[in-house]
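Please open the structure in your viewer and keep the selection tool at hand. At each stop you will be told what to select next and what is there.

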Amino acid sequence: MANAEEGFADADADGGPTVERIAEPPEGDVDTIEDTALPEILLDHVQENGEDVALRWKRYGVWQEFTWREYYDRVKHVAMGLETLGFGEGDIAFTIGYNRPHQLWTWMGAQTLGGMAAPNYEDMLPEAIGNQLELLSPKVAYAEDQEMVDKLLEVADRSPSLETIIYRDEKGMFRYDDTAVPVVSYEEIEARGRKRFEDGEVTNADLEARIRDVDAETPAMLSPTSGTTGMPKRVKLTHFNFLNLAKAAIEIDPLPKESDYFSYLPMAWVGEQMILVAAAFVGGWTANFPEQPETESEDLREIGPEIIFSSPQTYESWVADVKAKIENTTRLKRWVYEKAMDIGEQYAEYVTGDKRDREPPATLRFKHWVAYWSAYRPILDKIGLKRAKNVYTGGGPLGEDHFQYYHALGLPLKQIWGQSEVCGFVTMHRGDDIQVETVGEVFPNVRVGITPEGELVVRGPVVTSGYYNQPEKTEEALEGEWLHTDDFGAITEDGHIKVFDRMDDVMELSDGTAVAPISVETKLKFNPYIKEALIVGDGRESLAGILNVRFDNVAEWADQRDIQYAGYKDLTQKEPVLELIRGVVEDTNERLEGPSIDRFVILFKEFDADDGELTRTGKIRREVVTGRYQELIEGIYSGAETVEMDVTITYQDGRESREHGEMTVVETDAPDTPLGGEIDG
């Protein structure tokens with residue numbers, strides 16, 4: 001049972017915030033790793049488990065395997081190749097690309113020389129790339145392919161420090177001999193490093209000595225924040241930060257060496273970095289990389305990994321796909337599924353729900369076992385989760401409905417809470433103590449406090465020393481030993497942590513009722529027809545919603561009913577679709593404990609990261625979106641039957657277009673409301 005200290009009077013003795021209560025790890029603390037850098041862990045694996053499989057990468061339909069020895073060889077060659085470019089201690093390698101071992105080898109090569117890696121999301125627009133180049137002033141940049149090289153070259157003048165761009169995929173990479181910044185291939189960099197060993201310029205013993213001299217307290221990664229409130233900042237995360245979090249995580253949830261992890265979340269996401277460069281190292285896990293983004297689902301199913309770490313959006317998408325397929329299957333299969341899910345929901349109550357302090361009855365356990373082999377396992381196999389043992393969600397809240405759904409299937413899903421400033425992880429559910437309404441308990445060596453205002457604060461070896469090149473932002477985030485998370489939450493009597501929403505996002509209706517909009521949004525998204533939702537109502541008498549439908553599922557629903565439509569925009573305003581979504585919202589209202597959603601519109605475009613409406617990890621930038629759609633929000637509350645508006649849409653290549661739409665305002669409690677709206681554009 002976790003220890004939660006009450007009335008911690010000395011919390012501000014070091015200049016920190018006033019902390020009313022502190023949660024501690026239930027299993028106590030563990031020894032920290034003091035003087036070891038990430039490349040040294042890699043070197044130790046070579047010497048102890050050199051022939052174990054460290055990585056797999058699917059190429060041309062075949063999984064290529066790399067042992068720890070081969071992994072290290074690639075790293076040492078790229079490191080020595082980077083050094084021929086003048087890269088050294090304190091320099092930054094800016095990387096942008098898909099999930100490939102080459103990007104990982106580049107990170108480790110930079111760290112081997114005492115440098116830092118700064119990963120970026122592959123779908124960033126040139127303007128955002130330029131902003132990051134200005135902030136970071138990198139020495140070299142790694143880019144996956146021609147498109148990403150072109151984006152870098154377009155804004156390279158914003159970073160005079162950038163001396164070389166390294167590309168991996170050679171397709172289309174000709175006529176790049178005379179560019180503002182020299183462009184060389186990844187293979188060339190490795191070849192240069194390999195030649196230095198062959199010529200005797202560098203020896204293995206010399207390199208090993210250099211690796212063991214890398215200072216564990218220096219930054220290893222400059223991880224981007226999610227950017228929900230503005231341009232992403234860069235968090236300085238040291239070798240010490242990463243390794244101590246990984247050690248604590250594996251103490252809690254150990255797995256055998258060579259357990260499979262599937263890497264498909266963006267490599268710029270701190271959680272992905274923590275697993276790839278730390279947990280996989282400490283645990284000796286095997287990281288698997290898909291062939292292409294388009295083949296991720298197929299490749300995931302082929303590997304069937306033991307370790308799964310996915311974002312809430314991924315888990316929501318899987319549930320939506322399953323539900324949509326069930327709705328369109330045979331009557332017999334649908335009957336079997338519904339009966340199995342009834343059993344699963346009863347069983348989940350004993351695992352994560354109100355009955356978790358009791359053992360499920362023997363008859364229910366038997367029914368669940370039968371349902372697992374007849375229904376749940378085939379579903380999990382289709383997703384790629386049938387072998388999954390350590391299953392996590394993080395990067396944002398996953399709704400209780402989705403969480404319970406996976407436990408009904410027998411999948412041991414656990415919630416993780418954290419942020420970039422703490423290497424991604426602060427709390428996690430333990431063993432059988434999984435409470436659906438919490439994000440688990442505190443990691444070893446970490447403390448979570450709560451201020452009188454309800455903000456959660458964190459201290460411990462996982463906390464960053466600050467933001468790169470932004471001292472004023474560092475001063476705002478760090479107070480003494482404590483990191484301000486800006487998350488509004490609570491600490492339960494048994495030491496679990498609850499996270500309700502961002503401090504700035506909690507709304508207050510005109511009658512003073514407080515509402516955490518994300519709790520309403522996640523319930524809406526449990527339906528297979530809702531992809532995204534924005535709940536508004538701050539200072540108003542009631543809640544309203546701006547919704548995105550999940551196009552594939554709604555389109556299939558419309559096709560089966562012979563509803564004609566011309567694309568996403570037209571489909572969203574069809575009267576049957578509006579009635580369908582009205583039913584979804586009404587069902588959601590019945591499950592809400594607080595104020596209900598009185599009206600909504602279906603936006604004629606999807607929320608998009610290129611338009612600045614979502615972060616690159618898929619979270620709504622609430623302040624940006626409410627500002628962008630203020631005219632629409634006013635229209636929803638005006639009592640009008642339809643609302644017109646214009647909006648600028650940005651495409652992936654940076655082009656823009658102006659779109660006009662007329663959207664129907666649907667009253668959820670008025671089934672006779674006239675529906676139907678026209679849309680242009």
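Begin by selecting K523, which is found in helix 16, the run of residues 517-524. This is a predicted model, and every stop on the tour should be read with that in mind. Which side chain of opposite charge is nearest to K523? It is D401, at 4.2 Å, and although K523 is buried, it has no salt bridge. The reason lies in the cut-off: a salt bridge needs a side-chain nitrogen of Lys or Arg within 4 Å of a carboxyl oxygen of Asp or Glu, so the 4.2 Å between K523 and D401 does not qualify. If you display the surroundings of K523, leaving out residues up to four places away in sequence, you will find that it touches D401, T588, R591 and L592.

Now turn to pairs that do meet the rule, of which the count comes to 52 salt bridges. Select R447 and D29, whose closest N and O atoms are 3.0 Å apart in a salt bridge. This pair links distant parts of the chain, since R447 sits in strand 19 while D29 is in the loop between strand 2 (21-23) and helix 1 (38-49), and the two are 418 residues apart. Is each partner buried or exposed? R447 counts as buried because its relative accessibility is 15%, whereas D29, at 44%, counts as partly exposed.

Next, select D381 and K386, whose side chains meet in a salt bridge with a distance of 3.8 Å from N to O; K386 is partly exposed, with a relative accessible area of 36%. Then move to D505 and R622, which form a salt bridge whose closest N and O atoms are 3.6 Å apart. D505 lies in the loop between strand 23 (497-502) and strand 24 (507-508), and R622 lies in helix 20 (residues 622-628), so this pair ties together parts that are 117 residues apart in sequence. Both partners count as buried, D505 at 19% relative accessibility and R622 at 10%. To end this part, select R56, E65, D260, E306 and R387 together, which are joined into one network by salt bridges that share partners.

From the charged side chains, go on to the nonpolar ones. Select Y71, L104 and M274, which touch the most other members of the largest nonpolar core, a set of 119 residues. Helix 9 (residues 270-283) gives this core its largest share, 9 residues. Staying with M274 and again passing over residues up to four places away in sequence, you can see that it touches F242, L245, A246, A279, C423 and F425. Apart from this core lies another, of 38 residues, and F262, Y264, A340 and A375 are among them.

One of the contacts of M274 is C423, which makes a good next selection. C423 is placed in the loop between strand 16 (413-417) and strand 17 (427-428), and it is buried, with a relative accessible area of 0%. Beyond its neighbours within four places in sequence, C423 is in contact with L237, N241, F242, L245, V270, M274 and V462.

Select T314 next, in helix 11 (residues 312-327). T314 counts as buried because its relative accessibility is 16%, and, not counting residues up to four places away in sequence, it touches Y264 and L265. If you draw a distance from T314 to T485, 171 residues apart along the chain, their C-alpha atoms are separated by 24 Å.

Two asparagines deserve a look at the backbone. N445, in the loop between strand 18 (441-442) and strand 19 (447-450), has a positive phi of about 75 degrees although it is not a glycine. N469, in the loop between strand 20 (455-459) and helix 15 (471-477), has a phi near 65 degrees, which is likewise a positive value in a residue other than glycine. N445 counts as buried at 13% relative accessibility, whereas N469 counts as exposed at 53%.

Finally, zoom out to the whole chain, which has 21 helices and 31 strands. Its radius of gyration is 26 Å, close to the 26 Å that the globule rule gives for 681 residues, so the chain is as compact as a globular protein of that length. Buried residues make up 59% of the 681 residues.

Terms used. Residues numbered from 1 in each chain as written. Predicted model: local features only at pLDDT ≥ 70, side-chain atom pairs only at ≥ 80, totals over all residues. Heavy atoms only, no water. Core = buried A, V, L, I, M, F, W, Y, C linked by side-chain atoms within 4.5 Å. Buried < 20%, exposed > 50% of the residue type's maximum accessible area, 1.4 Å probe, protein only. Helix = DSSP H or I, 4+ residues; strand = E, 2+ residues; numbered from the N terminus. Contact = heavy atoms within 4.5 Å. Lys, Arg positive; Asp, Glu negative; His and termini not counted. Rg over C-alpha atoms; globule rule 2.2 N^0.38 Å.
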